[in-house]
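Me: I would like to understand the words used to describe a structure, and to see how each word follows from a value. Could we go through them one at a time?

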Amino acid sequence: MPRKDIERKKQTNETMWKELPPFFNKDVVVIASIVVSAFVLFVSSGSARKSRLEENVEPVVTDVLQDNYGLDYTCDNVNITEEYDNNNYRAAATLDDNSVIHVNIETYPRDKDNFNVQVPYEEVYLME
């Protein structure tokens with residue numbers, strides 16, 4: 001396709017495909033399309049990034065497992081899987097041995113950076 005486009009540019013001085021409506025031959029439309037596409041890609045890639053809450057929970061899960069249960073595991077990753085309401089979440093925590101446990105996270109309405117993590121005993125019992 002690029003060769004065909006280059007040939008058409010040389011022969012007829014075309015800047016866009018003639019099959020497209022003339023509206024698309026305006027430079028402003030082309031630039032606007034590129035900007036909108038880049039913005040959509042940026043926004044969609046942002047949703048794939050980890051949330052701040054997920055990042056903050058990782059070391060807490062490690063502390064709970066090591067300090068409360070005496071287990072020698074480290075939490076490598078936390079992914080929120082379900083939101084009960086605005087303040088309660090269920091998450092999957094991936095540990096250093098690639099096992100996954102479920103944890104409960106409770107945030108406080110006025111301070112989302114303040115949270116409580118609970119590792120259900122059933123999850124710990126299966127690890128022992």
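**From values to words**

Reply: Let us begin in helix α4, where tyrosine 121 and tyrosine 125 lie four residues apart, about one turn of the helix. Please keep in mind that this is a predicted model, and that the chain averages a pLDDT of 82, with 81% of the residues scoring at least 70.

Me: Why is the aromatic pair of tyrosine 121 and tyrosine 125 called tilted?

Reply: The ring planes of tyrosine 121 and tyrosine 125 are 40° apart, with 6.2 Å from centre to centre. Planes under 30 degrees apart would count as stacked and those over 60 as edge-to-face, so the rest, this pair included, count as tilted.

Me: What makes tyrosine 69 and tyrosine 121 an aromatic pair?

Reply: Rings pair if their centres lie within 6.5 Å, and the centres of tyrosine 69 and tyrosine 121 are 6.5 Å apart, with 45° between the planes, which again is tilted. This pair links distant parts of the chain, since tyrosine 69 is in the loop between α3 and β1 while tyrosine 121 is in helix α4, 52 residues apart. Tyr69, Tyr121 and Tyr125 form one aromatic cluster.

Me: Why is tyrosine 125 called exposed, and why is tyrosine 121 called partly exposed?

Reply: Exposed means over 50% relative accessible area, so tyrosine 125, at 54%, counts as exposed. Partly exposed covers the range between 20% and 50%, and therefore tyrosine 121, with 47%, is partly exposed, as is tyrosine 69 at 27%.

Me: How do you know that the length of helix α3 agrees with what a helix should span?

Reply: At 1.5 Å a residue, the 17 residues of α3 (residues 52-68) should span 24 Å, and because the end C-alpha atoms are 24 Å apart, the two values agree. Helix α3 nevertheless bends by about 25° at glutamate 58, and proline 59 follows within four residues.

Me: What makes β1 and β2 paired strands?

Reply: Two strands pair if there are at least two bridges between them, and seven bridges join β1 (residues 75-83) to β2 (residues 88-95), so the two count as paired. These strands run antiparallel, a hairpin of four residues joins them, and one of the bridges has isoleucine 80 and alanine 91 as partners.

Me: Why does proline 109 count as exposed?

Reply: Proline 109 has 60% relative accessibility, which is over the 50% cut-off, so the word exposed applies. This proline 109 is in the loop between β3 (100-108) and β4 (111-118).

Key:
Residues are numbered from 1 along each chain as its sequence is written. This is a predicted model: local features need pLDDT of at least 70, side-chain atom pairs count only at pLDDT 80 or more; totals for chains, interfaces and linings use all residues. Side-chain values use heavy atoms; hydrogens and water are left out. The expected span of a helix is 1.5 Å times one less than its number of residues. The bend at a residue is the angle between axes fitted to the seven residues ending there and the seven starting there. Buried means under 20% relative accessible area, exposed over 50%, partly exposed in between (1.4 Å probe, protein chains only). pLDDT is the predictor's confidence in each residue, from 0 to 100. Rings of Phe, Tyr and Trp (its six-membered ring) pair if their centres lie within 6.5 Å; planes under 30 degrees apart count as stacked, over 60 as edge-to-face and the rest as tilted.
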